[in-house]
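Visitor: I am new to this structure and would like to understand how its labels are earned. Please show it to me, and then let me ask about the terms as we go.

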Amino acid sequence: MAKITKITAQKRAGRYNIYLDGKFAFPVSEDVLIKYRLLKGVELDKQQVAAVKRADNQSKLYSRALDYLSYQPRTAAEIEKKLTDLEATPDQIATVLERLKRERLVDDQQYAKSYVRTMARTSLKGPKVISQKLAQKGVSPIDIEAGLTEFSMDQQLTNASKLACKLYRRYHRLSARQRRQRVEQSLATQGYGFDLARQVADENEPAVSADEQHEFMVVEAEKAWKRYRRYQGRDRDQWVLRRLYAKGFDLDEVRAWLSSKH
């Protein structure tokens, strides 16, 4: 048996040094000090000392988890990875997570709901992209589904419409058909369902005059004409026609333009 002969506070708040039989033995946190009633004059055997050290290691991991959480909310998977990086054992990690969940400091479903609300308010990402980001953070499908209830269909339509308007401005020099296709594809890529993407692309498609479309066609035709200058006569015309057809321009207009080049 060894007797506690001195207890001193460390500079770091909540940490103490324990001395046994006049010699420094080990440090402990305040909660371990209280839990094991470590007072001057108390005697400890080897098993008790080992138990106190294990409890202190567990307490330190819990403190590291709290510190990690102090910067921003975390998922259970993120906490697990952080503790794994600190070389904690699976049992130690499970104990820390159980305590954090019990104290409502880690709650993946609430995390998902808060994350979805923030993304819906501050970004134009659709629900599929948001789901993918939550999955990357280790959130379960059930909790992701619960989180997405915070992203109403009205809000999705509003956000998707804002994004569609930006995209139409970005692709304004394309043919009407290709511009519409690009907008629908981009909306889908950003996480919106295909049906909603089509609806929003249709509702927000700006009107473009025939003169504007003709100007866009001429610009693209000139580019294609230069691109295929190594071809002659009919071959060159066919390459230009194919390229502008793929871009969605009216073939009769393209043929009329080609006639003016001969």
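Visitor: Why does E87 count as exposed?

Guide: The relative accessibility of E87 is 72%, and the term exposed is used for values over 50%, so E87 counts as exposed. Please keep in mind throughout that this is a predicted model. E87 is found in the loop that runs between α3 (76-85) and α4 (90-102), and its phi is near 65°, which is a positive value in a residue other than glycine.

Visitor: What makes R37 exposed?

Guide: With a relative accessibility of 66%, set against the limit of over 50%, R37 is counted as exposed. R37 sits in the loop between α1 (30-35) and β4 (43-44), and there too phi is positive in a residue other than glycine, with a value near 50°.

Visitor: How do you know that β1 and β4 pair?

Guide: Two strands are said to pair if at least two bridges are found between them, and β1 (residues 2-9) has 2 bridges with β4, so the condition is met, with the strands in the antiparallel sense. Within this pairing, K3 stands opposite E43 in β4.

Visitor: What makes β1 and β2 a pair?

Guide: The requirement is at least two bridges, and 5 bridges join β1 to β2 (residues 15-20), the two strands running antiparallel. Opposite A9 stands Y16 in β2. The hairpin of β1 and β2 has 5 residues between the strands, and in this hairpin G14 takes a positive phi near 80°.

Visitor: How many bridges lie between β2 and β3?

Guide: There are 6 bridges between β2 and β3 (residues 23-29), which pair in the antiparallel sense. The bridge partner of L20 in this pairing is K23, in β3. Here the hairpin has 2 residues between its strands, and D21 in the turn has a positive phi of about 50°.

Visitor: Why is the length of α9 described as close to the expected one?

Guide: The expected span is 1.5 Å times one less than the number of residues; for α9 (residues 176-189), which has 14 residues, this is given as 20 Å, and the helix reaches 20 Å from its first C-alpha to its last. Just after α9, G191 takes a positive phi of about 105°.

Visitor: Which helices do the buried residues of α9 pack against?

Guide: They pack against α8 (153-170), α10 (194-204) and α12 (233-246). The buried residues of α9 themselves are Q178, R179, V183, S186, L187 and A188.

Visitor: Why is R179 called buried?

Guide: Buried is the term for a relative accessible area under 20%, and R179 has a relative accessibility of 3%, so R179 counts as buried.

Visitor: What makes the contact of E205 with R179 a salt bridge?

Guide: The nitrogen and the carboxyl oxygen have to lie within 4 Å, and in this pair the closest N and O atoms are 3.9 Å apart, which fits the limit. E205 lies in the loop between α10 and α11 (210-227) whereas R179 lies in helix α9, so the pair ties together parts that are 26 residues apart in sequence. E205 has a relative accessibility of 29% and therefore counts as partly exposed, that term covering values between the buried limit of 20% and the exposed limit of 50%.

Visitor: How do you know that R180 and E184 form a salt bridge?

Guide: Their side chains meet with N to O at 2.9 Å, and the limit is 4 Å. Both residues lie in helix α9, 4 residues apart, about one turn of the helix. E184 has a relative accessible area of 21% and is therefore partly exposed. Salt bridges that share partners join R179, R180, E184, D202 and E205 into one network.

Visitor: How many salt bridges does the structure hold?

Guide: The structure holds 12 salt bridges, and one of them joins the side chains of R99 and E103 at 3.1 Å, N to O. R99, with a relative accessible area of 27%, is partly exposed, and E103 at 34% counts as partly exposed too.

Terms used. Residues are numbered from 1 along each chain as its sequence is written. This is a predicted model: local features need pLDDT of at least 70, side-chain atom pairs count only at pLDDT 80 or more; totals for chains, interfaces and linings use all residues. Side-chain values use heavy atoms; hydrogens and water are left out. Buried means under 20% relative accessible area, exposed over 50%, partly exposed in between (1.4 Å probe, protein chains only). Contact means heavy atoms within 4.5 Å.
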